[in-house]
Amino acid sequence: MDEDASDDEHTEDGERRGFRRTRHLKWLPLSRRRSGVYDEYGNAVNSGMRVWYEDYTTIDWIHDHVKERVRMNGIRSRTSLLGRMLKHIDAVQAWIVLTIIGGRAVGAVASFIDVSYSWLNDLKYGYCSTHIMLRHSQCTQDWITWPSRLVSDGMDPALSYTISYTLYVAVSVAFAVISAMFVMWSATSPVDPETIAKDAREAAAATTAWNRPPAATPGGTVGQTNTAGNGASMARTASATRGMPARAVSLTTLSSQPARKVLFPAGGSGVPEVKTILGGFVIRGFLGVRTLVTKTIGLIFSIASGLVIGMQGPLVHITCSIGNVMSRLFVKYSKNEGKRREIMSAAAAAGVSVAFGAPIGGVLFSLEEVSYYFPLKTMWRSFYCALIAAVTLKLINPLGTGKLVMFQVTYDKQWHPMELIPFFVLGIFGGLFGALFIRCTTFLAKFKSKTWIPKHPVLEVFTIALATSALSYIFPLTRTGNGELVASLFSECEAHPAKEDLLCHTSEYPDILLRLIVAMFIKLGLMIITFGIRVPAGIFVPSMVVGACAGRVVATFGLYMQQLYPDHPVFWFCEDGKECIIPGVYAMVGAAAALSGVTRMTVSLTIIMFELTGALTYVLPLMVSIMVAKWVGDAFSHASIYDVVIERSGYPYLNHKRTSLVMEPSITAGDMMIRGGETLSVDVVYTVADIERKLQVLSQTFASKDSGLPVLKANGILVGFIAHTELEHALSVVKRRSRICARLSFTTCRSCDPPTARLVQETSSRASRGSLSSLSSVESGADTSDSHGSARRRRATAKPVDISQWVDQMPLTVSEHTSIELVLELFVKLGVRTLSVVTEGRYVGIIHKKRLLVFLSSKDAQRTAAASHLLHPAPVSHPRQQ
């Protein structure tokens with residue numbers, strides 16, 4: 001998850017599958033190795049040592065928590081002066097890294113994005129004659145438009161408009177293509193996303209076969225399920241998990257690759273993936289240095305291109321990448337995935353803080369929307385990081401306004417209780433808009449997946465940018481940037497509006513209504529087709545644009561009706577027939593409702609809107625519209641746009657906020673577990689070939705490496721569990737010592753023999769510098785040496801290596817009759833990777849996170865189908881009369 005671009009491919013197989021072989025950044029003092037030993041000996045008490053988590057697997061929250069507790073106990077046990085100093089240094093590390101993230105990195109990056117975007121956006125219209133690097137706001141007197149620069153004075157207005165139109169479109173398209181090229185440069189070829197849930201689908205497809213009563217069989221298998229009937233399925237699974245062939249991939253076309261084989265970390269908003277990563281999933285390289293650089297530069301160009309996108313979501317991704325990279329400078333966080341996610345939660349709060357100028361809203365956003373594990377100390381740290389980031393942005397003052405508030409407004413009128421009715425209507429609109437947007441983007445994504453479009457992402461960006469710029473320039477309201485348009489819609493009309501003001505002339509209410517409706521539908525259509533293209537893009541500001549236009553339409557219509565019927569009883573609260581409807585307030589309320597309908601945010605969105613505008617008086621209308629929008633949206637679907645993207649991408653995210661998890665109480669752990677499978681036995685000596693065969697069966701049964709093998713006594717009693725990756729690593733250690741010993745065993749001891757354990761760890765540390773994919777050459781060397789009779793005799797008499805230190809000797813277990821509610825609570829509240837299912841202490845099956853998610857999805861689909869059948873029953877066919 002948290003490796004930079006240079007860490008994406010460590011193995012030979014990874015280099016063979018990747019787009020390019022990356023080089024380490026030697027000047028950056030980061031941990032470069034993410035393979036090999038994850039724990040130090042003794043860090044995990046009886047929970048087994050671990051290796052680094054594989055790509056597209058889930059972390060073990062309990063193990064990381066125990067590991068941190070053991071480390072802290074070791075520091076606190078030192079009563080000397082040095083020990084006390086180390087304790088204080090350890091305690092202050094979190095505040096140091098948060099100060100670096102918020103005070104230096106996040107504030108500087110956000111300021112750089114603001115300044116660069118503003119300058120590039122102004123280049124679409126002209127340049128400053130005195131200094132090319134000055135923006136329009138800094139060079140009002142010496143600003144030269146492109147028509148006046150290219151053509152002499154006194155030219156025809158039609159020619160001037162044509163030149164402006166052509167250059168606007170050309171520069172906008174060029175910026176969008178440049179942004180897409182940076183996204184293409186960030187492309188990686190990770191584990192095929194199809195394999196994320198493949199193991200669970202295999203289990204679901206073979207539920208009948210696997211849920212037979214267990215039967216112990218010779219060879220260490222309980223309830224063996226790999227029968228001949230499943231051979232074809234296993235072969236398909238094995239073929240799907242093999243690495244992609246090496247090939248040169250063009251940056252402008254992916255015609256030789258299936259669309260879902262490539263991951264573009266710099267594309268999109270990144271919030272769904274950040275949400276998944278903070279939930280415990282591992283996506284290597286997504287929060288790395290290369291992604292940070294490419295997304296930052298790509299975001300500048302994509303925003304400047306005028307596409308209907310926002311920068312707030314990508315800023316959250318960028319700040320989480322900064323948090324990930326900076327936290328790896330400290331061993332306390334670089335060697336603990338769970339602890340590092342606490343820092344990334346604080347970094348996400350800093351991202352919203354600098355994006356909206358809303359530090360408190362950023363903390364609540366991190367709590368409500370993206371974070372999975374959010375203890376009280378993380379909230380304090382998030383508040384501190386957001387505060388430091390906001391102060392830094394204020395001190396830098398990149399745009400020269402001196403304001404932290406993004407859309408500061410000042411309204412000189414109070415709202416009236418009668419206006420709660422239109423605010424309620426705007427909430428309904430926001431919920432309907434959110435449901436429509438989610439439905440349309442889901443349909444469009446499915447449609448594009450069946451066409452050539454995903455194979456040519458740059459061409460798709462070029463086409464949409466061309467359509468957006470060509471259409472937007474025609475209408476004055478859509479010509480300006482999304483942020484500038486929101487600021488105009490939020491503003492209050494002056495007593496004597498300027499001539500060029502398109503929203504405030506009282507004699508032109510019908511024309512204003514037409515402009516607003518046209519702008520709203522244009523932005524809505526472009527927002528739908530733009531969502532999902534390969535550029536850094538968010539949905540916050542585009543959603544606010546659509547909602548603000550709708551709110552301004554409602555307010556303008558009310559003003560028009562008051563102008564026509566000033567004495568109507570509806571306007572009883574207006575004193576002396578004066579205008580008492582504030583269009584900016586309605587625009588603000590409509591923007592909040594639309595954003596709530598898309599994201600389903602409530603509390604954090606209310607605070608963000610308050611901090612965004614500084615309008616504390618209008619918190620109650622905001623709360624009404626946001627709550628109504630969420631209720632209306634939930635009536636269609638409880639999933640936000642982020643949840644939909646997570647589900648569509650196949651990420652194993654267990655939503656801890658779901659309220660529909662509790663199902664029939666008759667469902668038990670035995671109904672959802674994967675019964676039987678390969679096992680290991682204590683006090684049994686295994687050869688390398690035995691373990692390789694079991695690993696091969698495990699790999700064929702499970703597409704990912706989230707599972708493992710139970711360790712049993714002779715009577716079937718469960719005494720431990722060893723994960724796939726740990727067993728694979730231990731096997732590599734034994735292979736590298738194959739000239740002495742090629743056998744391994746497990747014991748039931750609570751702690752392994754320290755000399756043996758240290759020897760194995762020292763060997764594994766040396767072995768971790770290589771890759772598991774290179775073990776075939778080692779094995780071939782071992783086979784060559786075994787051809788000598790004396791070597792075989794030494795191997796036969798050598799003492800087997802005890803690898804019990806890699807075994808979790810206290811695995812979480814549940815009874816076969818445990819209810820699904822308790823199983824869910826264990827996965828959601830404890831964050832476990834796997835649960836072993838036992839009956840009277842004897843192992844009968846296993847439940848892992850991905851299997852649970854597919855089981856829940858299948859139950860949801862069954863309930864949906866049943867509800868649809870009740871609403872639309874099939875016609876009853878009557879038998880023909882004889």
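**Entry 1: the whole chain**

Among contacts between residues at least 6 apart in sequence, what percentage join residues at least 24 apart? I looked this up before anything else, and the value is 78%. I note here that the model is predicted.

I then took the overall counts. The protein has 882 residues, and 55% of them count as buried. I listed 33 helices and 15 strands. The exposed surface comes to about 37500 Å², and carbon and sulfur atoms supply 62% of that area.

**Entry 2: helix H13**

I picked helix H13, which covers residues 337–356. With 20 residues at 1.5 Å a residue, H13 should span 28 Å. I found its end C-alpha atoms 29 Å apart, so the two values agree.

Is H13 enclosed or open to the outside? A residue counts as buried when its relative accessible area is under 20%. By that cut-off 20 of the 20 residues of H13 are buried, so the helix is largely enclosed by the rest of the structure.

I also checked both ends. At the N-terminal end Asn 336 acts as a cap, with a side-chain oxygen 3.1 Å from the backbone nitrogen of Gly 338. Just after the helix comes Gly 357, which has a positive phi of about 70 degrees.

**Entry 3: the nonpolar cores**

Which residues touch the most other members of the largest nonpolar core? This core has 168 residues, and the answer is Phe 356, Phe 490, Met 544, Met 609 and Ile 847.

I followed Ile 847 further. Leaving out residues up to four places away in sequence, its contacts include Ala 669, Met 672, Met 673, Val 823 and Phe 827. Leu 835 and Leu 852 are also among the residues that Ile 847 touches. A second, separate core has 23 residues, among them Val 37, Met 49, Val 682 and Val 734. For background, I wrote down that nonpolar side chains tend to be buried together in soluble globular proteins.

**Entry 4: Phe 827**

Phe 827 was on the contact list of Ile 847, and I looked it up next. Phe 827 lies in helix H32, residues 820–830. Its relative accessible area is 2%, so Phe 827 is buried.

Beyond residues up to four places away in sequence, Phe 827 touches Tyr 372, Leu 654 and Leu 835, among others. His 656 is 171 residues from Phe 827 along the chain, yet their C-alpha atoms are separated by 9.3 Å.

**Entry 5: the four-stranded sheet**

In what order do the strands of this open sheet stand? The order is E5-E15-E14-E13, and the pairing is mixed. Strand E5 (674–675) and strand E13 (813–815) are at the edges with a single partner strand each, so one side of each has no neighbour in the sheet.

Inside the sheet, strand E14 (residues 834–839) and strand E15 (residues 842–848) pair in the antiparallel sense over 6 bridges. Leu 835 stands opposite Ile 847 of E15.

The loop between E14 and E15 holds Glu 840. Glu 840 is not a glycine, but its phi is positive, at about 55 degrees. Its relative accessible area is 71%, and the cut-off for exposed is over 50%, so Glu 840 is exposed.

**Entry 6: a second residue with positive phi**

I compared this with Tyr 56, in the loop between helix H1 (12–17) and helix H2 (61–76). Its phi is near 60 degrees, again a positive value in a residue other than glycine. Is Tyr 56 buried or exposed? With a relative accessible area of 2%, Tyr 56 is buried, whereas Glu 840 is exposed.

**Entry 7: the three-stranded sheet and a hairpin**

Another open sheet has 3 strands in the order E8-E11-E12, with mixed pairing. Strand E8 (686–687) and strand E12 (801–802) have a single partner strand each, so one side of each is left without a neighbour in the sheet. Strands E8 and E11 (residues 743–745) run antiparallel and are joined by 2 bridges. I found Tyr 686 to be the bridge partner of Leu 744 in E11.

Last, I looked at strands E9 (residues 708–712) and E10, which run antiparallel with 5 bridges between them. Pro 710 stands opposite Phe 721 of E10. The hairpin has 5 residues between the strands, and Gly 716 takes a positive phi near 90 degrees. Strand E10 covers residues 718–723, and 5 of its 6 residues are buried.

Technical notes: Residues are numbered from 1 along each chain as its sequence is written. This is a predicted model: local features need pLDDT of at least 70, side-chain atom pairs count only at pLDDT 80 or more; totals for chains, interfaces and linings use all residues. Side-chain values use heavy atoms; hydrogens and water are left out. Two strands pair if DSSP finds at least two bridges between them. A nonpolar core is a set of buried Ala, Val, Leu, Ile, Met, Phe, Trp, Tyr and Cys residues joined through side-chain atoms within 4.5 Å. Buried means under 20% relative accessible area, exposed over 50%, partly exposed in between (1.4 Å probe, protein chains only). Contact means heavy atoms within 4.5 Å. The expected span of a helix is 1.5 Å times one less than its number of residues. A polar contact is a pair of N or O atoms within 3.5 Å; within protein, one must be able to donate a hydrogen and the other to accept it, and residues adjacent in sequence count only if both atoms are side-chain atoms. Accessible areas come from the Shrake-Rupley method with a 1.4 Å probe; for residues, only the protein chains shown count as cover.
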